[in-house]
Amino acid sequence: MRMQFWRDSLDKVFAGVPPQQPVALALAYAIQEQELYNQQQQQGGSTPGTGNSEMSLIWFKRMITEREQNLSDPQFMTLGQMETYCENTFGSLLYLQLESVGVKSLEADHAASHLAKAMGIATMLRAFPFHMQQNRMIIPAEITAKHNLSQEALFRNPAITPALQDSTHEVASAAHVHLATAQSYMDNLPKAALPVLMAGIPTESYLQRLEQADFNPLAPNIQQREWFLPAKLWYRWRRGKLLDIK
């Protein structure tokens, strides 16, 4: 019912008659502002942004559909399924943000796609202790089977084991590869895309902390936030180099 409510609300928002709900009203305002901005850009002779309301609706509905499917089938069977989920949720959000700042770039889309997969994987690994409390395994089944990780034993006693470390290492390595791939596109991006893609910086920091914790997703210290994150964001922005993947 909640998912259907948002589908119906989105249809109304894009039809220009948003429901009297705070998020829907804010979204309707943002869409109107984006359309006005694109009109001004076109009248001024500048390169217009995407300005495509239909495409925006597709991204929103793709997020809803993917999350709805994940509610009924919570565990990923393969790493590919996990990456698809991240692409359809985190990726859709990044595409919407790129659209909102008028960026139309194939390189930015590629960077956002890989960044979304890394962000999604890192977010799920960071929430690993919470998922354990819900008796939910977020590491794909093919990886738990490969490393002989017993889900039932882990649910009964959430503790670090070599099998859990190996499984986490394999999933985190996939996120690291996506970050490195996203970094390879950074030199050719429009400057307007950089604020959107700065979302990858906290993901990079988390993966580094996870590696330092020997890939123990239950380690308390990896859950801590970086007190100097704002300074890091500013410094990376000034350098024009958002990621520092080696």
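Tutor: By definition, a helix here is a DSSP run of H or I spanning at least four residues, and helices are numbered from the N terminus. The model under discussion is predicted. In this sense Q183 belongs to helix α9.

Student: Which residues does Q183 touch, leaving out those up to four places away in sequence?

Tutor: Q183 touches K241, L243, D244 and I245. One polar approach can be specified further: the side chain of Q183 comes to 3.3 Å from the backbone nitrogen of D244.

Student: How should I read the packing of two helices, and at what angle do α9 and α11 pack?

Tutor: Two packed helices are described by the angle between their axes together with the distance between those axes. For α9 (residues 162–184) and α11 (residues 200–212), the angle is about 145° and the axes are 11 Å apart. The crossing in which α9 passes α11 is left-handed.

Student: Which residues of α9 and α11 meet?

Tutor: From α9 come T168, A172, A175, H176 and L179, and they meet G200, T203, E204, L207 and L210 of α11. Sorted by class, this contact comprises 5 nonpolar, 4 polar and 1 charged residues.

Student: Let us take T203 from that list; is T203 buried or exposed?

Tutor: Buried means under 20% relative accessible area. T203, a residue of helix α11, is buried because its relative accessible area is 8%. Apart from neighbours within four places in sequence, T203 contacts A118, M119, A122 and L179.

Student: What is the general idea behind a nonpolar core, and how many residues does the largest one have here?

Tutor: In soluble globular proteins, nonpolar side chains tend to be buried together. The largest nonpolar core of this model has 68 residues, and those with the most contacts inside it are L115, I121, L125, F128, I139, L197 and L243. Helix α5 (residues 106–126) gives the most to this core, contributing 11 residues.

Student: What surrounds I139, beyond its neighbours within four places in sequence?

Tutor: I139 is in contact with Q75, F76, F128, T144, L149, L164, S167, T168 and V171. T168 was named earlier as one of the α9 residues that meet α11.

Student: Where does H114 lie, and is H114 buried or exposed?

Tutor: H114 lies in helix α5. With a relative accessibility of 18%, H114 falls under the 20% cut-off and therefore counts as buried. Its C-alpha atom is 5.5 Å from that of A182, although 68 residues separate the two along the chain. H114 touches H178, T181, A182 and Y185, once residues up to four places away are set aside.

Student: How does separation in sequence relate to separation in space for T161 and R67?

Tutor: T161 and R67 are 94 residues apart in sequence, and their C-alpha atoms lie 30 Å apart. T161 sits in the loop between α8 (151–156) and α9. Its relative accessible area is 30%, so T161 is partly exposed.

Student: Backbone angles remain; what is the sign of phi at D214?

Tutor: Phi of D214 is positive, near 60°, in a residue other than glycine. F215 also has a positive phi, near 55°, and is likewise not glycine. D214 is placed in the loop between α11 and α12 (229–239), and F215 lies in the loop between α11 and α12. As to accessibility, D214 counts as partly exposed because its value is 48%, whereas F215 counts as buried at 15%.

Methods: Residues are numbered from 1 along each chain as its sequence is written. This is a predicted model: local features need pLDDT of at least 70, side-chain atom pairs count only at pLDDT 80 or more; totals for chains, interfaces and linings use all residues. Side-chain values use heavy atoms; hydrogens and water are left out. Axes are lines fitted to C-alpha atoms, for helices over the stretch in contact, and angles run from 0 to 180 degrees between N-to-C directions. A crossing is left-handed if the near helix is turned anticlockwise from the far one by less than a right angle, and right-handed if clockwise. Contact means heavy atoms within 4.5 Å. Ala, Val, Leu, Ile, Met, Phe, Trp, Tyr, Cys and Pro count as nonpolar, Asp, Glu, Lys and Arg as charged, and the others, Gly among them, as polar. A polar contact is a pair of N or O atoms within 3.5 Å; within protein, one must be able to donate a hydrogen and the other to accept it, and residues adjacent in sequence count only if both atoms are side-chain atoms. A nonpolar core is a set of buried Ala, Val, Leu, Ile, Met, Phe, Trp, Tyr and Cys residues joined through side-chain atoms within 4.5 Å. Buried means under 20% relative accessible area, exposed over 50%, partly exposed in between (1.4 Å probe, protein chains only).
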